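Me: I have a model open and would like to talk through its architecture with you. Could you take a look at it with me?

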Amino acid sequence: MSKTVLVATEKPFAPASVKKISEICNKAGYRLKLLEKYTGKTALLQAIKKVDALIIRSDKVSEDVLAAAKNLKVVVRAGSGYDNVDCVAAAEKNIVVMNTPGQNSNAVAELAFGLMVTLARRQYQGIAGTELRRKRIGIHGYGNIGKYIAKIASGFGMQIEAYGRSLTPGQTLADGAVASQSVEGLYRNCDYISLNLPLDNTTQRLITFDLLSKTKKGAALINTARKEIIDEDGLLEMMGKRPDFLYASDLTPDCKNEIKEKYPGRCFFTLKKMGAQTSEANINAGIAAIKQIINFFEGGDTAFQVN
């Protein structure tokens, strides 16, 4: 029997991506169902009732959504982060949850450098800034995104230090990067720190005032991960006690109004999460998602399962 795949995206894929997903579905004999730019959960609850597979972006797949999906076997989050899916509830219903790691990595890495340059050039307000060349960048989280950041940093002529749980202190990495001795050492040594961690129980509010206070004078933190990784009380304390400290993110913090009012010129936030917002990343993630679904049904492939 033909499988039905629902693509449910409040922020739709690019038309080229949807076209390619449709072509792959047709070739496999699968039926494609689209739910784009929907404005409430009711539409999703209706659309998901009889589908076999679901592709989402930043859309919330909560326990009640999963309960409404009577035939659902697999959910693919087109992107790396998957905290918008209730993985525990999915596992209880024997629904496989996957992500598409690496497909958005270059886009996020390039945005991180855009934010760095924005801070270095004082947001283009006519004030003398600084250059990235010969500065030291700390990569906190050396996964797919972190490796792209190292590659770009090498092109900028930066010194590169990285910290990750799987790295051995002192280990020589690609593109001239060296593994930091400790997370505290990373924050102490670097002019720019790029935060590239997934959100889970170990990273929630991980970046505290105590850690930030170890940074060198003039340091800047770039967050393209998740806002929940930052202890916002600690961030506000840091901004207040360290007039030299800068912060940029493509995730609007809950304390946005307070931080912008009190510390203008020292922080920068994009209007919405922009990490994966490129045509290339959009297309790559969508294609990867539908291929993973077909491989799952046709060959039992669960290589990218996260629950």
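Reply: We can go through a sheet, a helix and some charged pairs in turn, keeping in mind that this is a predicted model.

Me: OK, the sheet then: in what order do the seven strands run, and is the pairing parallel or antiparallel?

Reply: The open sheet has the order S8-S7-S6-S9-S10-S11-S12, and its strands pair in the parallel sense. Strand S8 (178-179) and strand S12 (267-269) are at the edges, where each has a single partner strand, so one side of each has no neighbour in the sheet.

Me: And what packs on the sheet?

Reply: Helix H6 (residues 144-156) does, touching strand S6 (136-140), strand S7 (159-163) and S9, and its direction makes about 170 degrees with that of S6.

Me: How many bridges join S9 and S10?

Reply: Strand S9 (residues 192-195) and strand S10 (residues 220-223) are paired over four bridges, and within this pairing tyrosine 192 is placed opposite alanine 220 of S10.

Me: Switching to H1: which of its residues are buried?

Reply: The buried residues of H1 are Ser17, Val18, Ile21, Ile24 and Cys25. They cover an arc of only 125 degrees around the axis, and therefore lie on the same side of H1.

Me: What covers them?

Reply: The cover over the buried residues of H1 includes strand S1 (4-9), strand S2 (31-36) and helix H11 (279-299), while the face turned away from that buried side carries Pro15, Lys19, Asn26 and Lys27, which are exposed.

Me: What span should H1 have, given its 14 residues?

Reply: At 1.5 Å a residue, H1 (residues 15-28) should span 20 Å, and its end C-alpha atoms are indeed 20 Å apart, so the two agree. Just after H1 comes glycine 29, with a positive phi of about 80 degrees.

Me: Now the charges: how many salt bridges are there?

Reply: The structure has 12 salt bridges, one of them between the side chains of aspartate 64 and lysine 41, at 3.0 Å from N to O. That pair links distant parts of the chain, with aspartate 64 in helix H3 (residues 63-68) and lysine 41 in helix H2 (residues 41-47), 23 residues apart.

Me: How accessible are aspartate 64 and lysine 41?

Reply: Aspartate 64 counts as partly exposed at 35% relative accessibility, and lysine 41 is also partly exposed, at 41%.

Me: Which salt bridge lies in H10?

Reply: Lysine 262 and glutamate 258 form a side-chain salt bridge at 2.8 Å, N to O, and both lie in helix H10 (residues 256-262), four residues apart, which is about one turn of the helix.

Methods
Residues are numbered from 1 along each chain as its sequence is written. This is a predicted model: local features need pLDDT of at least 70, side-chain atom pairs count only at pLDDT 80 or more; totals for chains, interfaces and linings use all residues. Side-chain values use heavy atoms; hydrogens and water are left out. Two strands pair if DSSP finds at least two bridges between them. Helices (H or I, at least four residues) and strands (E, at least two) are DSSP runs, numbered from the N terminus. Contact means heavy atoms within 4.5 Å. Axes are lines fitted to C-alpha atoms, for helices over the stretch in contact, and angles run from 0 to 180 degrees between N-to-C directions. The expected span of a helix is 1.5 Å times one less than its number of residues. Buried means under 20% relative accessible area, exposed over 50%, partly exposed in between (1.4 Å probe, protein chains only). The arc is that of the directions from the helix axis to the C-beta atoms. A salt bridge is a side-chain nitrogen of Lys or Arg within 4 Å of a carboxyl oxygen of Asp or Glu.
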